[in-house]
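What can be said about the charged pairs and the ligand surroundings of this protein? The explanation below takes the two topics in turn.

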Amino acid sequence: VSRPGDRGERLRESWTANADAWTDVVREGRIESRRAGTDAAVLDAVLALRPDRVLDVGCGEGWLCRALADRGVRAVGLDGSAELVGRAREAGREEYHHLPYERIEEAPERVGGGFDAMVCNFSLLDEALVPLLSALRALAAVDGTLVIQTAHPWTARGDAPYEDGWRTETFESFGNAFARPMPWYYRTLESWVAAVAAAGWSVDAIREPRHPETGMPLSLILVARPAAGES
Ligand SMILES: C[S@@+](CC[C@H](N)C(=O)[O-])C[C@H]1O[C@@H](n2cnc3c(N)ncnc32)[C@H](O)[C@@H]1O
């Protein structure tokens with residue numbers, strides 16, 4: 001489990017150092033997998049729930065909150081990078097909180113409560129997931145739904161074995177603009193489902209959006225609802 005000063009800390013710091021570079025690649029549409037389908041897939045998954053209020057966990061520069069707001073959904077974003085929250089606020093009028101996940105784990109009510117949907121779009125990158133997902137459980141409305149989009153375990157595996165473990169993203173395909181590599185925790189499908197279940201959620205659906213030309217999976221989407229008997 002990550003502790004200050006180790007990979008979890010470097011993970012969070014990378015989103016400060018890379019905030020401007022990340023904002024540019026997102027807003028200039030330079031991430032091919034997003035254009036090919038992952039943006040539409042997560043938006044469709046959330047809108048299918050017909051939510052009134054959505055919490056965007058690890059919202060980054062805020063594109064998903066803006067897209068939801070454009071469709072009449074009240075979106076609240078939170079992120080641990082003050083720089084990215086600043087970029088989100090300058091681009092939209094949605095509600096944004098600068099909060100590392102650790103602060104939500106301590107006191108979930110910091111961002112209110114009663115959310116119809118909570119979405120984590122490529123924002124669960126640390127080894128310890130259960131404390132955050134449990135806190136999100138506390139923020140959900142009755143029957144509130146959790147939507148997670150993440151790198152597909154098959155395509156993200158690369159040459160490494162099919163087992164959980166820390167990896168490094170250098171962002172080199174975007175040139176030299178990213179100052180800092182990002183440590184991130186790879187997990188298998190079994191591990192994703194186990195973490196979601198351990199936090200009091202029950203996986204309702206798994207989706208695998210595919211590239212329209214290559215047919216390869218672009219991402220993994222997990223849709224989960226409060227597990228029976230949990231409150
Ligand atoms: C790959 S970006 C995705 C941003 C956004 N969801 C999107 O779709 O563009 C990952 C985001 O997760 C946030 N994040 C990662 N770990 C975090 C933590 N422990 N606390 C708060 N935010 C965190 C980062 O600051 C970053 O904005």
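**Salt bridges and the ligand shell**

Arg74 is partly exposed, its relative accessible area being 47%. The structure is a predicted model, and in it the side chain of Arg74 meets that of Asp52 in a salt bridge, with N and O 2.6 Å apart. Arg74 belongs to strand β2 (residues 74-79), while Asp52 sits in the loop between α3 (32-47) and β1 (53-57); the two residues are 22 residues apart, and their pairing links distant parts of the chain. Asp52 has a relative accessible area of 39%. Because partly exposed covers the range between 20% and 50%, Asp52 also falls in that class.

A second pair joins two strands. Arg225 and Asp204 form a salt bridge in which the closest N and O atoms are 3.0 Å apart. Arg225 is in strand β9 (residues 220-226) and Asp204 in strand β8 (residues 201-207), so this bridge ties together parts that lie 21 residues apart in sequence. Arg225 is partly exposed at 26% relative accessible area, and Asp204 is partly exposed at 48%.

A third pair involves a helix. The side chains of Arg12 and Asp126 meet in a salt bridge of 3.8 Å, N to O. Arg12 lies in helix α1 (residues 7-17) and Asp126 in the loop between β4 (115-121) and α7 (130-139), which places the partners 114 residues apart. Is Asp126 buried or exposed? With 16% relative accessibility, Asp126 counts as buried, because the cut-off for buried is under 20%. Arg12, at 28%, counts as partly exposed.

These pairs are among the 13 salt bridges that the structure holds. Some charged residues are connected in a wider arrangement: Asp20, Arg27, Glu61, Arg66, Arg87 and Glu90 are linked in a network of salt bridges.

The ligand is the other topic. There are 21 residues around the ligand, of which Arg34, Gly58, Asp79, Tyr101 and Asn121 come nearest. A polar side-chain atom of Asn121 is 2.8 Å from an oxygen atom of the ligand, and a polar side-chain atom of Trp63 is 2.9 Å from a ligand oxygen atom. At Gly80 the contact comes from the backbone, with an N or O atom 3.0 Å from a nitrogen atom of the ligand. Taken alone, the ligand exposes 600 Å², and the protein buries 96% of that area.

Which elements give two or more residues to the shell around the ligand? They are α1 and α6 (101-106). Helix α1 gives the most, with 3 residues. By class, the shell has 11 nonpolar, 6 polar and 4 charged residues.

Definitions and conventions: Residues numbered from 1 in each chain as written. Predicted model: local features only at pLDDT ≥ 70, side-chain atom pairs only at ≥ 80, totals over all residues. Heavy atoms only, no water. Salt bridge = Lys/Arg side-chain N within 4 Å of Asp/Glu carboxyl O. Helix = DSSP H or I, 4+ residues; strand = E, 2+ residues; numbered from the N terminus. Buried < 20%, exposed > 50% of the residue type's maximum accessible area, 1.4 Å probe, protein only. Near = heavy atom within 4 Å. Polar contact = N/O pair within 3.5 Å; in protein donor to acceptor, adjacent residues only side chain to side chain. Areas by Shrake-Rupley, 256 points an atom, 1.4 Å probe, with all protein chains shown as cover. Nonpolar A, V, L, I, M, F, W, Y, C, P; charged D, E, K, R; others polar.
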